[in-house]
Amino acid sequence: MRTFFSGLGTYISLVSFTLCNASILTQRESSIASAGQVQREMVRRLSGGTKVYFPFNAEFANYTERWSVASAPEIAVVVVPATAQDIAMTVKIANAFGVPFFAVNRGHGATISQRNVRHGIEINLRNLASIDIAKDGMSAAMGGGVFVDEIIKTLDAQGKTTVTGACTCVGGMGPALGGGFGRYMGYWGLAADQIIDLDVVLADGSMTKVSATSNPDLFWGMRGAGHNFGIVTRFNYKIYDRPTPTWFYSIMFFTNDKLEEFFELLNDQVDNGNQPKELTGYTLFVMNPEISKTEPVILYTIYYAGPAAAAEPYLAPFSELGPVIATNGTTSYPDFANAVGSGVDSPVCQDGGSAALFPTGLKTFNGTANRAVWTLFKKMVTEQPSFRNSIVQFENYSVQKMQSIDPASTAYAHRDDNLLVSWTMIYAPSSALDALAPQYGHQARALIDAGEPQRPLNVYVNYAYGDETVEQIYGYEPGRVQKLRNLKKKYDPYNRFRFYNPIVR
């Protein structure tokens, strides 16, 4: 343990850790007054299995690498706790010196609010990655550091599955704290709806159990706005018998002259929120130079929980529309994400680039609005070739189960949305492009939102750019945001959890 602290005092002095926020400290903690004492406190109070890294350590870069450099927090020290107790103690030490802390699993968050971390402590959850299936096969206890690929493969080996994010490189709990969309949500609802209970480290470093019977008010808030309240070290999660041994997919490319008819077909498939539970659609505007070097094309992927024959009625209208490229396949669920381009080894999962997302929740696709978005996308990639890897995402999941759950039961605010559209900027790290990206993103979102002028702008917290209003992210219903603010006063009165689309700003 001590070898990992070599040079700690010097580095803490360089980043000017200062004693502040003394009002939130215990008498014991408020006595910590120097960098040398911080070093001694960490050595004395963290377990031997915990590791700490600084910028001069080779491991530091691996632990701080982000999916989006553009929104990266500024990290001075990385702590990789061995236990939940080490997480709690790290929070207490950070509080004693008024240092911001930021919990990380896989580092895929892209909101610009993360930039507000200055000279912070990263608490990396990777060591907390256990998965223990209950004897009755109805739930699994998982560590806060597990990620989706591990969950899918571990459960599938026992004939089980559950709702997770669609990209298998992301953390298991992070998406659930903000709702959590996934291919199985047609069966069982959002990822947040699968949470049975949580072990949480609160803002003052205390540890608590959160469930329907233990801190039920916080249980409500953690499922939809959980990034604002605590660090999940372990959680019990509903799991299910695997409904099918195989998944079918079809990947099709269409030229833009098919755009209006394509979205008419997609609206038929969505069926005003009655899309079959087995069916998911994922559409992109994307550049594909094999088809056109100058114009975006439409990439449509159909996912179906079952065999090709069962998927054919949903596939046929799009096949008849005339794709220029079509690829079909059937695979097991553990291999499915890599087959369709959202697996751990897929380009979308690789770190080190920059990204900015501008999401909008909708009831139905508007062909006129989508044509305007396509035109803007073409204009952007023509004016700024550095943005040619960007995409526009149109996601249609089966939402019947999600919408059958009482919207008042969790903090997730947008259960009435049928669709999720997101203008997604992807580019090489560049401060100049960081400044330019939101100019296009805000234009695009205004076009998308104008397609449903009767509805307010709904923003999915896990995709949020970070400059949206609290109501756009957490809901317009009378009392909903105030309830969240009351929870902040109770569980995080000094707003220590304020770096991921915060409720209190």
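**Salt bridges**

I count a salt bridge when a side-chain nitrogen of Lys or Arg is within 4 Å of a carboxyl oxygen of Asp or Glu. With that rule in hand, I looked through this predicted model and found 19 salt bridges in the structure. The background idea is familiar: side chains of opposite charge can pair when their charged atoms come close.

I started with Lys-209, whose side chain meets that of Asp-199 in a salt bridge, at 2.7 Å from N to O. Lys-209 sits in strand S9 and Asp-199 in strand S8, so this pair ties together parts that are ten residues apart in sequence. Are these two partners buried or exposed? I found Lys-209 partly exposed, at a relative accessible area of 37%. Asp-199 also falls in the partly exposed class, at 22% relative accessibility.

**Arg-455 and its acidic partners**

Next I turned to Arg-455. Its salt bridge with Asp-416 has the closest N and O atoms 3.3 Å apart. I placed Arg-455 in the loop between helix H15 (431-450) and H16, and Asp-416 in the loop between helix H14 (400-404) and S18, so the pair ties together parts that are 39 residues apart in sequence.

Arg-455 forms a salt bridge with Asp-417 as well, and here the closest N and O atoms are 2.7 Å apart. This pair, too, links distant parts of the chain: Asp-417 is in the loop between H14 and S18, 38 residues from Arg-455.

I then checked how covered these residues are. Arg-455 counts as buried because its relative accessibility is 13%, and the cut-off for buried is under 20%. Asp-417 is buried too, whereas Asp-416 is partly exposed, with a relative accessible area of 41%.

Which residues make up the network around Arg-455? I noted Asp-416, Asp-417, Glu-452 and Arg-455, linked by salt bridges.

**Disulfide and a free cysteine**

How many disulfides does the structure hold? I found one. Cys-169 and Cys-349 form it, with their sulfur atoms 2.0 Å apart. The torsion about their S-S bond is about -75°, so I noted the disulfide as left-handed.

This pair joins distant parts of the chain, 180 residues apart. Cys-169 is in the loop between strand S7 (160-161) and helix H7 (173-177), while Cys-349 is in the loop between helix H12 (333-340) and strand S16 (354-362). Both cysteines are buried.

I also looked at Cys-167, which is in no disulfide. Its nearest cysteine sulfur belongs to Cys-349 and is 4.9 Å away, whereas a disulfide needs the sulfur atoms within 2.5 Å. Cys-167 counts as partly exposed, at 25% relative accessibility.

**Second largest pocket**

Cys-349 turned up again when I listed a pocket lining. The second largest pocket holds about 230 Å³ of space. Cys-349 is one of its lining residues, together with Asn-62, Tyr-63, Glu-65, Val-104, Asn-105, Arg-106, His-108, Asn-124, Arg-126 and Asp-351. What is the character of this lining? I sorted its residues into three nonpolar, four polar and four charged.

**Helix H9**

I went through helix H9 (residues 216-225) and found it mostly covered, with eight of its ten residues buried. Which residues are they? My list reads Leu-218, Phe-219, Trp-220, Gly-221, Met-222, Arg-223, Gly-224 and Ala-225.

I then asked what these buried residues pack against. Among the helices, I noted H7, H16 (470-474) and H17 (480-491). The strands on the list are S8 (195-201), S9 (207-211) and S10 (231-238). Strands S8 and S9 are where I had placed Asp-199 and Lys-209.

**Ala-212**

Just for orientation, I placed Ala-212 in the loop between S9 and H9. Ala-212 is exposed, with a relative accessible area of 55%. I looked up its distance to Ile-196: the two are 16 residues apart in sequence and 7.8 Å apart in space, C-alpha to C-alpha.

**Ser-422**

My last entry is on Ser-422, in strand S18 (residues 419-427). How accessible is Ser-422? I found a relative accessible area of 0%, so Ser-422 is buried. Leaving out residues up to four places away in sequence, Ser-422 touches Leu-357, Phe-358, Pro-359, Ile-391, Val-392, Gln-393 and Tyr-463.

How values were computed
Residues are numbered from 1 along each chain as its sequence is written. This is a predicted model: local features need pLDDT of at least 70, side-chain atom pairs count only at pLDDT 80 or more; totals for chains, interfaces and linings use all residues. Side-chain values use heavy atoms; hydrogens and water are left out. On a 1 Å grid over the protein atoms alone, a cavity is a set of points where a 1.4 Å probe fits but cannot get out, and a pocket is an open set with protein on both sides within 12 Å along at least five of seven lines; lining residues have an atom within 4 Å of a point. Grid points are joined across faces, edges and corners, and a volume is the space filled by probe spheres set on the points. Ala, Val, Leu, Ile, Met, Phe, Trp, Tyr, Cys and Pro count as nonpolar, Asp, Glu, Lys and Arg as charged, and the others, Gly among them, as polar. Helices (H or I, at least four residues) and strands (E, at least two) are DSSP runs, numbered from the N terminus. Buried means under 20% relative accessible area, exposed over 50%, partly exposed in between (1.4 Å probe, protein chains only). Contact means heavy atoms within 4.5 Å.
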